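Grab a coffee and open the structure next to this page. Try each exercise by eye before you read the solution under it.

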Amino acid sequence: MKKIMVFFTALLVMFATFDNVSAAPLFKDVNDKYGSKAELDFLAERGIIFADPAQNFGVNEEITRLEASAMIIRALGLETVDRPDPNFTDVTPEDEGYDIIATITDEGIVNGNADGEFMPNNKLTRGQMAAILVKAFELKGTTEQSFKDVDSAYWASDSIKTLFANEITTGYPNNTYKPTAFITKANFGVFLARILNPEFKKQPVCFKSDGKKTAVVAVQVTNLWKSPNNNRVVDRLSISNPTDIQKWAKSMSVSQKLWLVGKTDTQALYGQEVVILKSSGNWHEIAVKDQYTPRNKAGYPGWVPKSHVTEITTDYTDCQLAIVDTNIATLYNEPKKANKFMDISYTTMLPVIKEEGDWLHVQTPANGVKYLRKQDAKVVKNFAAIPKPTQQDIVDSAKMFLGLPYVWSGISGFGFDCSGLIHSVYKNHGIMIPRDSFVQAVNGTPVARKNMQPGDLLFFAYNQGKGKVYHVGMYIGKGQMIHAPNSSRNVEIVSIDTHPYKANYAGSRRYLK
């Protein structure tokens, strides 16, 4: 009871003086720009750490058991005199820190190992830290949140859940806690500050673990093949991990592009959810969930290398969504343009973990948090919240790709086919339409040719418009359409009366309401 009274008396003082934050460096490595300076200022004002602008605090150094014990004792205001000998085989009364060790063990906060050792200079792990802090400050509570690297049988699992329930930790954005990793002095100080002052508490995260496995695409773009292992040397850039779809598309001759007809059907983008239908060797047959086709109720099917798909167990549906709305955007390893991670395509959608300045912190499928420039994406609450586009919005987005080479089955800013361009532009604006032109041609609302408006779709069929639909374009007004024509040409604007389109016109559909 004495310990708790001292603790809460200290809290009253803390709240009364919290606004008095130092404007001078605490240490050589803790200046005013240091991210956790406020928390360390707080600890210094309470005598939990001792500021010295001439020395380094060691923000990135891993804290030892003795150093952590000393900070806890000072935070709790515990007396260190007249404590019983802890009788550790590796600690004597003459050792520096003996009084700290005697106090922390007498309080039952930190114990030794089975061999009777305290190990004062051993580094403290994140799992040990959780157990120690929960015990020291008598924290209560639990959560259904489970980190994917913390098994329920792990000895510190309950303590980690208690830290999460008290908003002391949220773990890492990829839903890991890293219980066996060592904790740095700065991070330990931050956790301690959050316990002592709720104003420092970590805000609840938008993601949670539900244990349910979800398969997603783990490369910038993956081709869906009719059958596994049916590819050429030139296709290696598209079946590797990472892929380089831009280089692959540019490296092919017209005849090599034509070879793809009937070999690939569509593509899927980075982070896009898929269903694994079956596997064969190093390949998965998948279905792309949001590409509608009557061929499979699960989504558009095809074969991809296994390395192109990963499974996640974290639910990001409560996170905001970043939707790339430039042709190609770059993800960076840090929030500056000097450390590139990967290029991603138009309409790639990734969860937003945080917004900071000109940058979005976005969650990737298998590579943790990366950084995307705000100017390259729009941020919405979720897909359903994408603002309704105007006719001009749709047309302007399609025009962004004028001059882009055609790629059979392409659905990315690295190269489109005719229906891929249409599907991607509409999806970017929150409107889901079927993937293939012949399916697009029987959905939406029929429109007479004379009544077409910008954004409407025109379809073209064999046998002078009476056979199977083979092509789609977007009407942009004044008798013109934009389309991705074929493997020997680029995205272009032409008259709707151009040969052979005038003769093969098969009807128009409207998807804008």
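**Exercise 1: Arg-46 and its surroundings**

In this predicted model, the side chains of Arg-46 and Glu-45 make a polar contact at 2.6 Å. Work out where Arg-46 is found, and decide whether it is buried or exposed.

*Solution.*
- Start with the location: Arg-46 is in the loop between α2 (37-45) and α3 (65-76).
- Next, check the accessible area. The relative value for Arg-46 is 17%, and the cut-off for buried is under 20%, so Arg-46 counts as buried.
- For a sense of distance, pick Met-481: from Arg-46 it is 435 residues away in sequence and 70 Å away in space, C-alpha to C-alpha.

**Exercise 2: Strand β5 and its partners**

Find out which strands pair with β5, and how many of its residues are buried.

*Solution.*
- Take β4 (residues 273-280) to begin with: six bridges link it to β5, in the antiparallel sense. Ser-280 sits opposite Trp-283 of β5.
- Look at the link between the two. β4 and β5 make a hairpin with two residues between them, and Gly-281 in the turn has a positive phi of about 60°.
- Now go to β6 (residues 300-305), which is also antiparallel to β5 and joined to it by six bridges. Here Trp-283 has Pro-305 opposite.
- Then sort the side chains. In a regular strand they alternate between the two faces of the sheet. On β5, one side carries Trp-283, Glu-285 and Ala-287, the other His-284, Ile-286 and Val-288, and all of these are buried.
- So the count for β5 (residues 283-288) is six of six buried, which means the strand is largely enclosed by the rest of the structure.

**Exercise 3: A six-stranded sheet and two helices**

Put the strands of the open sheet that contains β19 in order, and say why β17 and β21 each have one side without a neighbour.

*Solution.*
- Trace the order: β17-β22-β18-β19-β20-β21, with antiparallel pairing.
- Check the ends. β17 (445-447) and β21 (492-495) are at the edges and have a single partner strand each, so one side of each lacks a neighbour in the sheet.
- Consider the twist: on average, neighbouring strands here are turned by 40° against each other, direction ignored.
- Zoom in on β18 (residues 457-461) and β19 (residues 469-477), which are antiparallel and share five bridges. Leu-457 has Met-474 in β19 as its bridge partner.
- Finally, add the helices. α11 (residues 391-399) packs on the sheet and touches β19, β20 (480-483) and β21, with its direction at about 115° to that of β19. α12 (residues 418-428) lies across β18, β19 and β20, at about 50° to β19.

Conventions
Residues numbered from 1 in each chain as written. Predicted model: local features only at pLDDT ≥ 70, side-chain atom pairs only at ≥ 80, totals over all residues. Heavy atoms only, no water. Pairing = 2+ DSSP bridges. Helix = DSSP H or I, 4+ residues; strand = E, 2+ residues; numbered from the N terminus. Axes fitted to C-alpha atoms, helices over the stretch in contact; angles between N-to-C directions. Contact = heavy atoms within 4.5 Å. Buried < 20%, exposed > 50% of the residue type's maximum accessible area, 1.4 Å probe, protein only. Polar contact = N/O pair within 3.5 Å; in protein donor to acceptor, adjacent residues only side chain to side chain.
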